[in-house]
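User: Can you walk me through this one? I'd like the cores first, then the surface.

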Amino acid sequence: MGALAAAVAAFFLWRSQPSTEPLPVPTPIAAQTTPPPTALAKVTVHVTGKIRKPGVYLLPSGSRVTDAVTAAGGVSRGASTGSLNLARRLIDGEQIVVGAAAGQAIPGSPITDPATAVLDLNSATTAQLEQLPGVGEVLAARIIEFRDSHGGFTTVEQLREVSGIGPRKFDELKARVRV
(Lines give C-alpha, C1' and ligand atoms only; values in the text may rest on other atoms or scores of the structure.)
Protein backbone atom coordinates (compact mmCIF):
# COMPACT_ATOMS: atom_id res chain seq x y z
CA MET A 1 0.00 0.00 0.00
CA GLY A 2 2.92 2.33 0.67
CA ALA A 3 4.09 1.85 -2.91
CA LEU A 4 0.66 2.81 -4.23
CA ALA A 5 0.59 5.94 -2.05
CA ALA A 6 4.07 6.91 -3.24
CA ALA A 7 3.03 6.37 -6.88
CA VAL A 8 -0.12 8.53 -6.47
CA ALA A 9 1.91 11.26 -4.71
CA ALA A 10 4.54 11.19 -7.46
CA PHE A 11 1.81 11.42 -10.10
CA PHE A 12 0.19 14.49 -8.44
CA LEU A 13 3.58 16.08 -7.83
CA TRP A 14 4.45 15.66 -11.51
CA ARG A 15 1.05 17.12 -12.62
CA SER A 16 1.31 20.12 -10.28
CA GLN A 17 4.57 21.41 -11.78
CA PRO A 18 4.01 24.54 -13.86
CA SER A 19 4.36 24.22 -17.57
CA THR A 20 5.91 26.91 -19.67
CA GLU A 21 3.73 28.79 -22.09
CA PRO A 22 4.98 31.36 -24.57
CA LEU A 23 4.11 34.97 -23.75
CA PRO A 24 2.55 37.20 -26.37
CA VAL A 25 4.89 39.66 -28.06
CA PRO A 26 4.61 43.03 -26.25
CA THR A 27 3.28 45.91 -28.29
CA PRO A 28 5.39 49.08 -28.13
CA ILE A 29 3.85 52.15 -26.56
CA ALA A 30 3.95 55.01 -29.00
CA ALA A 31 5.53 58.20 -27.70
CA GLN A 32 2.90 60.79 -26.91
CA THR A 33 3.21 63.76 -29.16
CA THR A 34 1.01 66.73 -29.68
CA PRO A 35 -1.16 66.22 -32.70
CA PRO A 36 -0.23 68.33 -35.70
CA PRO A 37 -2.37 71.39 -36.22
CA THR A 38 -5.39 70.63 -38.31
CA ALA A 39 -5.80 72.32 -41.62
CA LEU A 40 -9.04 73.85 -40.36
CA ALA A 41 -7.61 75.46 -37.18
CA LYS A 42 -6.20 78.90 -37.94
CA VAL A 43 -4.88 81.92 -36.06
CA THR A 44 -5.13 85.49 -37.27
CA VAL A 45 -2.18 87.78 -36.53
CA HIS A 46 -1.26 91.35 -37.43
CA VAL A 47 2.38 91.72 -38.48
CA THR A 48 3.62 95.31 -38.50
CA GLY A 49 6.76 97.39 -38.06
CA LYS A 50 9.92 96.97 -40.12
CA ILE A 51 8.54 94.22 -42.33
CA ARG A 52 8.30 93.95 -46.14
CA LYS A 53 4.55 93.29 -46.36
CA PRO A 54 2.81 94.41 -43.15
CA GLY A 55 -0.74 93.22 -42.76
CA VAL A 56 -3.12 90.70 -41.25
CA TYR A 57 -2.28 87.05 -41.90
CA LEU A 58 -4.21 83.80 -41.40
CA LEU A 59 -1.82 81.01 -40.39
CA PRO A 60 -2.26 77.38 -39.25
CA SER A 61 -2.81 76.90 -35.52
CA GLY A 62 0.47 76.03 -33.83
CA SER A 63 2.49 78.36 -36.05
CA ARG A 64 5.40 80.28 -34.57
CA VAL A 65 6.38 83.96 -34.72
CA THR A 66 9.00 83.07 -37.32
CA ASP A 67 6.19 81.73 -39.56
CA ALA A 68 4.33 85.04 -39.30
CA VAL A 69 7.47 87.02 -40.17
CA THR A 70 8.08 84.76 -43.17
CA ALA A 71 4.45 85.10 -44.32
CA ALA A 72 4.87 88.89 -44.22
CA GLY A 73 7.84 88.72 -46.58
CA GLY A 74 10.59 88.86 -43.97
CA VAL A 75 12.16 91.81 -42.21
CA SER A 76 13.07 95.01 -44.01
CA ARG A 77 16.72 95.71 -44.77
CA GLY A 78 18.59 96.75 -41.64
CA ALA A 79 15.79 95.71 -39.27
CA SER A 80 16.37 93.41 -36.33
CA THR A 81 14.19 90.72 -34.79
CA GLY A 82 16.21 90.84 -31.58
CA SER A 83 13.23 91.88 -29.44
CA LEU A 84 11.06 89.02 -30.76
CA ASN A 85 10.98 85.43 -29.55
CA LEU A 86 10.80 83.80 -32.99
CA ALA A 87 10.15 80.35 -31.46
CA ARG A 88 7.02 81.42 -29.51
CA ARG A 89 3.67 79.98 -30.62
CA LEU A 90 1.25 82.48 -32.12
CA ILE A 91 -1.89 83.52 -30.27
CA ASP A 92 -5.03 84.32 -32.23
CA GLY A 93 -5.57 88.06 -32.54
CA GLU A 94 -2.12 89.19 -31.49
CA GLN A 95 0.01 91.90 -33.05
CA ILE A 96 3.67 91.23 -33.85
CA VAL A 97 5.82 94.34 -34.09
CA VAL A 98 9.08 93.73 -35.96
CA GLY A 99 12.07 95.99 -35.30
CA ALA A 100 10.68 97.88 -32.30
CA ALA A 101 12.81 97.90 -29.17
CA ALA A 102 11.08 96.73 -25.98
CA GLY A 103 8.93 99.55 -24.67
CA GLN A 104 9.33 101.62 -27.85
CA ALA A 105 6.15 103.14 -29.29
CA ILE A 106 5.04 102.00 -32.72
CA PRO A 107 4.93 104.88 -35.21
CA GLY A 108 1.38 106.14 -35.47
CA SER A 109 0.30 104.63 -32.16
CA PRO A 110 -0.67 106.83 -29.23
CA ILE A 111 1.84 107.01 -26.41
CA THR A 112 0.28 105.89 -23.17
CA ASP A 113 1.43 106.09 -19.58
CA PRO A 114 2.42 102.58 -18.43
CA ALA A 115 0.87 103.27 -15.02
CA THR A 116 -2.61 103.70 -16.57
CA ALA A 117 -2.31 101.43 -19.61
CA VAL A 118 -4.62 98.42 -19.87
CA LEU A 119 -2.59 95.43 -21.05
CA ASP A 120 -3.79 92.67 -23.34
CA LEU A 121 -2.97 89.40 -21.58
CA ASN A 122 -2.46 87.66 -24.92
CA SER A 123 0.17 90.03 -26.29
CA ALA A 124 1.84 91.70 -23.30
CA THR A 125 5.56 91.16 -22.90
CA THR A 126 7.24 90.14 -19.66
CA ALA A 127 8.48 93.71 -19.18
CA GLN A 128 4.96 95.10 -19.65
CA LEU A 129 3.46 92.60 -17.20
CA GLU A 130 6.07 93.56 -14.61
CA GLN A 131 4.65 97.12 -14.68
CA LEU A 132 1.39 95.82 -13.18
CA PRO A 133 0.97 96.26 -9.41
CA GLY A 134 2.45 93.35 -7.47
CA VAL A 135 3.74 91.53 -10.57
CA GLY A 136 7.43 90.77 -10.58
CA GLU A 137 9.68 88.79 -12.84
CA VAL A 138 8.52 85.38 -11.55
CA LEU A 139 4.78 86.11 -11.70
CA ALA A 140 5.11 87.68 -15.15
CA ALA A 141 6.87 84.51 -16.35
CA ARG A 142 4.06 82.37 -14.88
CA ILE A 143 1.42 84.46 -16.70
CA ILE A 144 3.26 84.03 -20.01
CA GLU A 145 3.80 80.30 -19.35
CA PHE A 146 0.05 79.89 -18.68
CA ARG A 147 -0.76 81.86 -21.85
CA ASP A 148 1.58 79.76 -24.00
CA SER A 149 0.49 76.41 -22.57
CA HIS A 150 -3.26 77.16 -22.84
CA GLY A 151 -3.25 78.84 -26.26
CA GLY A 152 -3.89 82.28 -24.79
CA PHE A 153 -6.41 83.76 -22.41
CA THR A 154 -10.08 83.76 -23.40
CA THR A 155 -11.27 85.68 -20.32
CA VAL A 156 -9.64 87.91 -17.72
CA GLU A 157 -10.96 85.51 -15.04
CA GLN A 158 -8.53 82.83 -16.26
CA LEU A 159 -5.83 84.91 -14.59
CA ARG A 160 -7.04 83.34 -11.31
CA GLU A 161 -5.72 79.98 -12.57
CA VAL A 162 -2.14 81.28 -12.67
CA SER A 163 -0.10 80.07 -9.70
CA GLY A 164 0.55 82.99 -7.34
CA ILE A 165 -2.56 85.03 -8.19
CA GLY A 166 -5.03 84.86 -5.35
CA PRO A 167 -8.33 86.74 -4.90
CA ARG A 168 -6.66 89.94 -3.61
CA LYS A 169 -4.05 90.09 -6.38
CA PHE A 170 -6.74 89.35 -9.00
CA ASP A 171 -8.83 92.28 -7.69
CA GLU A 172 -5.79 94.56 -8.11
CA LEU A 173 -5.13 93.35 -11.66
CA LYS A 174 -8.54 92.83 -13.27
CA ALA A 175 -9.07 96.52 -14.15
CA ARG A 176 -5.55 96.76 -15.62
CA VAL A 177 -5.79 93.85 -18.07
CA ARG A 178 -7.99 92.68 -20.96
CA VAL A 179 -8.16 89.89 -23.54
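Analyst: Below are short answers on cores, a hairpin and a surface patch. This is a predicted model, where local features need pLDDT of at least 70, side-chain atom pairs count only at pLDDT 80 or more, and totals for chains, interfaces and linings use all residues. Residues are numbered from 1 along each chain as its sequence is written, and side-chain values use heavy atoms, with hydrogens and water left out.

User: Which residues touch the most other members in the largest nonpolar core?

Analyst: Leu 129, Val 135, Ile 143, Leu 159, Val 162 and Ile 165, out of 19 residues. A nonpolar core is a set of buried Ala, Val, Leu, Ile, Met, Phe, Trp, Tyr and Cys residues joined through side-chain atoms within 4.5 Å; buried means under 20% relative accessible area, exposed over 50%, partly exposed in between (1.4 Å probe, protein chains only).

User: Which helix gives the largest share of this core?

Analyst: α4, with 5 residues. Helices (H or I, at least four residues) and strands (E, at least two) are DSSP runs, numbered from the N terminus.

User: And Val 138 in α4, buried or exposed?

Analyst: Val 138 counts as exposed, because its relative accessibility is 54%.

User: Switching topic: how do β1 and β2 pair?

Analyst: Strands β1 (residues 42–49) and β2 (residues 55–60) are antiparallel over 6 bridges; pairing requires at least two DSSP bridges. They form a hairpin with 5 residues between them, and His 46 stands opposite Val 56 in β2.

User: Where does Phe 11 lie?

Analyst: In helix α1 (residues 2–16). Phe 11 is partly exposed, at 44% relative accessible area.
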